[in-house]
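Biologist: I'm new to reading protein models, and I'd like a close look at one part of this one. Could you walk me through the nonpolar core and what surrounds it?

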Amino acid sequence: TPLDYQNALKRIDELLILSPAPYSELDDELDVISTLVHAYEQTHNAIPYPDPINAIKYLMEENGWKNKDLEQYIGPKSRVSEILNRKRYFTLQQIHNLHKHLGLPLEIFINEKMLQAA
């Protein structure tokens with residue numbers, strides 16, 4: 001429940017202030033509560049994945065890239081343009097290339113939100 005979650009966060013703060021010794025009883029308690037809080041947050045406060053096109057455009061802006069700089073990962077200029085203008089979706093090879101070379105998480109390309117839109 002949300003109240004349990006808030007109480008767990010308070011207890012984590014208390015334990016952190018105590019700076020428990022590694023492998024002590026308090027350290028074990030901190031580990032267990034932190035794991036439970038993380039699981040709760042994953043279920044209840046999941047951060048939505050960014051849109052892949054927006055993520056790529058952000059990287060382009062941050063790095064000063066042009067469409068031409070994506071050709072090695074996506075394909076010819078026309079294909080890059082089609083994808084960035086949302087006229088075509090990525091192939092598996094393009095997803096692999098963007099993940100491997102640009103570090104984009106696979107989850108932004110394949111997730112519940114993207115599957116519902118397809």
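Modeller: Sure, here is the core, followed by the loops and the charged pairs around it.

A quick note before we start: this is a predicted model, where local features need pLDDT of at least 70, side-chain atom pairs count only at pLDDT 80 or more, and totals for chains, interfaces and linings use all residues. Residues are numbered from 1 along each chain as its sequence is written, and side-chain values use heavy atoms, with hydrogens and water left out.

Let's get our bearings. The protein splits into domain 1 (2-45) and domain 2 (52-116), with bounds that come from an automatic or database domain assignment. Their C-alpha centres sit 38 Å apart. In an unreviewed entry, UniProt lists residues 56-109 as "domain: HTH cro/C1-type"; such annotations may be inferred rather than shown by experiment, feature names are shortened, and positions are given in the numbering used here. That span is 57% helix and 0% strand, and its end C-alpha atoms lie 11 Å apart. Helices (H or I, at least four residues) and strands (E, at least two) are DSSP runs, numbered from the N terminus.

Now for the core itself. A nonpolar core is a set of buried Ala, Val, Leu, Ile, Met, Phe, Trp, Tyr and Cys residues joined through side-chain atoms within 4.5 Å. Buried means under 20% relative accessible area, exposed means over 50%, and partly exposed is in between (1.4 Å probe, protein chains only). The largest core has 18 residues, and the ones touching the most other members are Ile56, Leu70, Phe90, Leu98 and Leu104. Helices H3 (52-63), H4 (71-74), H5 (77-84) and H6 (92-102) are the elements that give two or more residues to this core. H3 gives the most, with 5 residues.

Zoom in on Leu98. Leaving aside its neighbours within four places in sequence, Leu98 is in contact (heavy atoms within 4.5 Å) with Ile56, Tyr73, Ile74, Phe90, Gly103, Leu104 and Phe109. There is also a second, separate core of 8 residues, which includes Tyr5, Leu15, Leu30 and Tyr40. In soluble globular proteins, nonpolar side chains tend to be buried together. Leu36, in helix H2, is exposed, though, with a relative accessible area of 57%.

What about the loops? Between helix H1 (2-18) and helix H2 (25-44) you'll find Ser19, which has a phi near 45°, a positive value in a residue other than glycine. Tyr23 lies in the loop between H1 and H2, and its phi is positive too, near 65°. Most residues other than glycine have a negative phi. Ser19 is exposed at 56% relative accessible area, and Tyr23 is exposed at 76%. Over in the loop between H3 and H4, you'll meet Asp69, which is partly exposed at 32%.

Last, the charged pairs. A salt bridge is a side-chain nitrogen of Lys or Arg within 4 Å of a carboxyl oxygen of Asp or Glu, and the count comes to 5. In helix H5, Glu82 and Arg79 sit 3 residues apart, about one turn of the helix, and their side chains meet in a salt bridge at 3.1 Å, N to O. Glu82 also pairs with Arg88, the closest N and O atoms being 2.8 Å apart. Arg88 is partly exposed at 38%.
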